[in-house]
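Q: I'm new to this structure and would like a close look at one part of it. Could you walk me through the backbone at an unusual loop residue, and then show me how that fits into the wider picture?

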Amino acid sequence: MSIKIANISKSYKKVNALKNISFEVKSGELFGLIGPDGAGKTTLFRILTTLLIANEGVASVAGFDVITDYKSIRKNVGYMPGKFSLYQDLTVEENLDFFATIFGTTIEENYDLIKDIYIQIEPFKNRRAGKLSGGMKQKLALCCALIHKPKVLFLDEPTTGVDPVSRKEFWEMLKRLQQKGITILVSTPYMDEAALCDRIALIQGGKILEIDTPAAIVKHYLKPIYNVSANNMYQLVNSLKAYEYNHSVYPFGEFVHYTDRRSDFNPAELKVYLESKKLSNITIEKTVATIEDTFMELAK
Ligand SMILES: Nc1ncnc2c1ncn2[C@@H]1O[C@H](COP(=O)(O)OP(=O)(O)OP(=O)(O)O)[C@@H](O)[C@H]1O
């Protein structure tokens, strides 16, 4: 096991940020921590990277205890925090050199590990980090987190505020790093990214709702789910929410994901109801649940 977390709780005065969290991440795994803002993801990262002490529970990373072996953890992990990991007034090259120096290494020594990523930002190596685009900042922050060749990489919401193309590229980079044997714990509020992990933990309000592979989590959703569309999205959502038999109603892109409380649900009946609400161009088609649907159901 690369990361072991057992019964970890942490509170900040009145806020219980983590409530008895336990799970393990295997060596070489790409593990996702999926949850909305305030779920407790950053708190858990800070505990695992030895920057914060839990109130209860034990945790180890790469075989080292987060309290007694904190120095070894710091040498063996890379951490890309959600915010403020770069020195905005230093250039790209200076930032990387700085991180290499504090870990007692050089850019040249571990260049192989970052090469694929660094060559994409190398043309801007004399630009100050503060003047980079979101996608480039993210690549530089990843290089800085990797420059001392960590065994375990912690990435806290690395793709928040990054455009969809850069997000896709970023996940491809993570897969390549995983192939080099690095264990990765990554957090994200984006449900579509969850599907790219080997296993995920769904977290909300400081509690783990479920842990499994993305495919297995989706299979746990047992209710038939329907894509509903009509000429007026706003009115459609309101009408479905007012429908006495609804179990769940969530806008999902151009559709609304709808589930019904009855076991003998007949879509034709729902269509008649929606027509009575003056909606037109109504379509109701069975679809498959996504991780987001499962999350919403568990978080209810
Ligand atoms: N230093 C602090 N003092 C008081 N409350 C805090 C502190 N840090 C976090 N919290 C609270 O603890 C809870 C968990 O926060 P945390 O930052 O771990 O969540 P998160 O899932 O990382 O979300 P975000 O993406 O918003 O950071 C939230 O309710 C947050 O307001």
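A: Let's start in the loop that joins β1 (3-12) to β2 (15-25), which is where K13 is found. The model is a predicted one, so the angles and counts here are computed from it. K13 has a positive phi of about 45°, although K13 is not a glycine. That is worth a pause, since most residues other than glycine have a negative phi. Is K13 buried or exposed? K13 counts as exposed because it has 5 C-beta neighbours inside 10 Å, and the cut-off for exposed is 12 or fewer.

K149 makes a good companion to look at next. Phi of K149 is also positive, near 55°, and K149 is a residue other than glycine. K149 lies in a loop too, the one between α5 (134-146) and β7 (152-156). With 16 other C-beta atoms within 10 Å, K149 is partly exposed.

Now for the wider picture. The protein is divided into domain 1 (3-219) and domain 2 (225-299). Taken over C-alpha atoms, the centres of these domains are 37 Å apart. Their contact takes 10 residues from domain 1 and 8 residues from domain 2. On the side of domain 1 that touches domain 2, at least two residues each come from α7 (191-194), β9 (199-204), β10 (207-212) and α8 (214-219). The largest share of that side, 3 residues, comes from α8. By class, this side of domain 1 has 8 nonpolar residues, 1 polar residue and 1 charged residue.

How values were computed. Residues numbered from 1 in each chain as written. Predicted model: local features only at pLDDT ≥ 70, side-chain atom pairs only at ≥ 80, totals over all residues. Helix = DSSP H or I, 4+ residues; strand = E, 2+ residues; numbered from the N terminus. Buried ≥ 20, exposed ≤ 12 C-beta atoms within 10 Å, placed from the backbone. Domains from an automatic or database assignment. Contact = placed C-beta atoms within 7 Å. Nonpolar A, V, L, I, M, F, W, Y, C, P; charged D, E, K, R; others polar.
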